[in-house]
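Visitor: I should be grateful for a close look at a single part of this model. Please begin with one pair of residues and then proceed outward in a connected account.

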Amino acid sequence: MTARFQRAIPAGGRRVSVWLEGVALEAWEGESLLAAILTQRDCLPGDGPEGARAGFCLMGACQECWVQLEQAGPVRACTTKVADGMRIGPYPIRLA
Amino acid sequence: MAAACVLAQHGQRPVVLDEAERPGGQAYRLPGAGLRHGAWTPSGQKAQAARLHAMFAAVADRIDHRPATLAWHIHDGMAHVLRHGVRAGVERFDTVLLATGATERLYPVPGWTLPGVTTPGGAQTLLKDQGCLVGQRVVFCGSSPLLYLAALQYARHGAEVAAVLDTTPRARRLHALPALMAAPGLLMRGVAWMAALRRRGVPLRSGVELRRIEAGEGARRLVWVDAAGREQQLSIDAVALGFGLRSETQLAQLAGCAMRFDAASRQFLPQADLDGRASSGVFVAGDGAAIGGAEAAEISGRLAAWAILGELGAPAAAPEITRLRARLHRLRRFQAGLQTAFAVPDALLAALPDDTPICRCERIDAGTVRQTIRGYVGAIDVNRAKALTRCGMGRCQGRFCAPVLAALVAAERGVTLEQAGWLRAQAPVKPLPLAASLADG
């Protein structure tokens, strides 16, 4: 599969450009990093408990969706909103 | 939110530290700002959510509202906070009301750590906050009233809901009926969700056994056994797995509250009276005090606010307080009924294969935990089990493995869940940058 999450309610705002592991990604203003990535990819960058990871609780509790922002360090993808120019990579330390 | 409103309406200026960017907690979560997918709230809670949000907005000038502020430690009249993920600070207080909410309660099913497995609450949050579905074809399984609501919301927003598979036998729901009659309106609401799902052709099955989740043709396959003992398979894109809710009690523990075992919900909760008085200057309300749902959260917040006002010498609104307490009593009784109707899957736990991961964060499986507990000479509780196995030492700090760890300690040692104890909370209650804990802002 190419995308894991499906957008059910159209987003209506401004477009935002971010970089995911060096590849340009178009997101919507107000999207979380998790939604922006997983509506276009099937996994987050980096490894989780079973290899590929796609978050778990989706609400800031499980800590499985950490990604590394070049400018700001590690953040939870589910509680962090996209911003223009963000550069996103895998969380540098393997999760387990 | 409700407590802040009552306090503000009676001359106080409460400071509200909200971890989220927008008010509403989980139940009344607003869509993510900027996404502009409309003032959309999930069906069934529109009116209540709108009313509370309006009330909160109306006292905005009398409340010191601090969004995106995580309280990560609390003690001696001080809350250590992290603002917007970067700025550390300390908030000093005379009185604190902790409304820390809950997470989903999980019991592992083999394959539960595969990507594409999430929780019904998470699936719902993704829809409310981001307008997205966790997958096109989703199965909702486990045991919880939330399974039915989330499945219905998904069906209404274009998802293909493959089934709702409930591990609790249907007979238990009848058994729970007397307690559920304490809040007939809520009971009818739940019945209506099930009827609406059936009208949409969604299969609802009870008394099932969840065998495993594996990679399959439709991205994931769920292998399960129906109440008649027949093995079945479902091809889906995503699995929403959940067994009710688990109170977040870390801040209450750090603030010095004593803990008591609640047999109905099988967890340790902060010891508090019906008004939420827990410790000197510490009050608790909402799902973080006791799982009860959105209405109980509001009512318990109001009662705590009245109790705080009482301590400050304000005249008590006795009829209002009596009414609120009576309603909360009923809602607590209803909740006990829900715990019966949607039970902890003891059979699932007993049958867990040894290679099933228990601790997602540290990748520790059931076999390792069982062997360690069996082999240990001496008294063992859930904290000792954590020290020996590393379960609960990972990033989520035991949020998702602690209930299972306690159940395994109880099973392997032949002790009760109460004797297995509760996982001692440690600060910070969520991971944060090292710089934040060193700074003092």
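Guide: B:R221 stands opposite B:S235 in β15(B). The model in which this pairing appears is a predicted one. The strands concerned are β14 (residues 219-225) and β15 (residues 231-236) of chain B, which run antiparallel and are joined by 6 bridges. Between the strands of this hairpin lie 5 residues, and B:G229 there takes a positive phi near 90°. As to confidence, chain B has an average pLDDT of 92, and 95% of the residues score at least 70.

From the hairpin one may turn to the nonpolar interior. The largest nonpolar core has 169 residues, and B:V138, B:V139, B:F140, B:A151, B:V239, B:L405 and B:V409 touch the most other members. The element that gives the most to this core is helix α8 (residues 293-311) of chain B, with 9 residues. One of the residues just named, B:A151, can be followed further: leaving aside neighbours within four places in sequence, B:A151 is in contact with B:F140, B:V161, B:V164, B:L197 and B:V202.

Helix α5 (residues 170-180) of chain B shows how burial is distributed around a helix. Its buried residues include B:R173, B:A176, B:A179 and B:L180. These residues lie on the same side of α5(B) because they cover an arc of only 90° around the axis. An α-helix has 3.6 residues a turn, so residues three or four places apart point the same way. On the face of α5(B) turned away from the buried side are the exposed residues B:A171, B:L174, B:L177 and B:P178. The cover over the buried residues of α5(B) includes α6 (184-199) and α9 (318-341) of chain B.

There remains the contact between the chains. It takes 43 residues from chain B and 35 residues from chain A. On the chain B side, the elements giving two or more residues are β7 (102-104), α3 (120-130) and β9 (132-133). Of these, α3(B) gives the most, with 6 residues. By class, the side of chain B that touches chain A has 17 nonpolar, 19 polar and 7 charged residues. Strand pairing also crosses between the chains: β1 (residues 6-7) of chain A and β9(B) pair in the antiparallel sense over 2 bridges. Within that pairing, B:L133 in β9(B) is the bridge partner of A:Q6. For the complex, the predictor gives an ipTM of 0.93 and a pTM of 0.93.

Notes: Residues are numbered from 1 along each chain as its sequence is written. Chains are lettered from A and ligands numbered from 1 in the order in which they are written. This is a predicted model: local features need pLDDT of at least 70, side-chain atom pairs count only at pLDDT 80 or more; totals for chains, interfaces and linings use all residues. Two residues are in contact if their C-beta atoms, placed from the backbone, lie within 7 Å. Helices (H or I, at least four residues) and strands (E, at least two) are DSSP runs, numbered from the N terminus. Ala, Val, Leu, Ile, Met, Phe, Trp, Tyr, Cys and Pro count as nonpolar, Asp, Glu, Lys and Arg as charged, and the others, Gly among them, as polar. Two strands pair if DSSP finds at least two bridges between them. A nonpolar core is a set of buried Ala, Val, Leu, Ile, Met, Phe, Trp, Tyr and Cys residues joined through C-beta atoms within 7 Å. A residue is buried if 20 or more other C-beta atoms lie within 10 Å of its own, exposed if 12 or fewer, and partly exposed in between; C-beta atoms are placed from the backbone. pLDDT is the predictor's confidence in each residue, from 0 to 100. The arc is that of the directions from the helix axis to the C-beta atoms.
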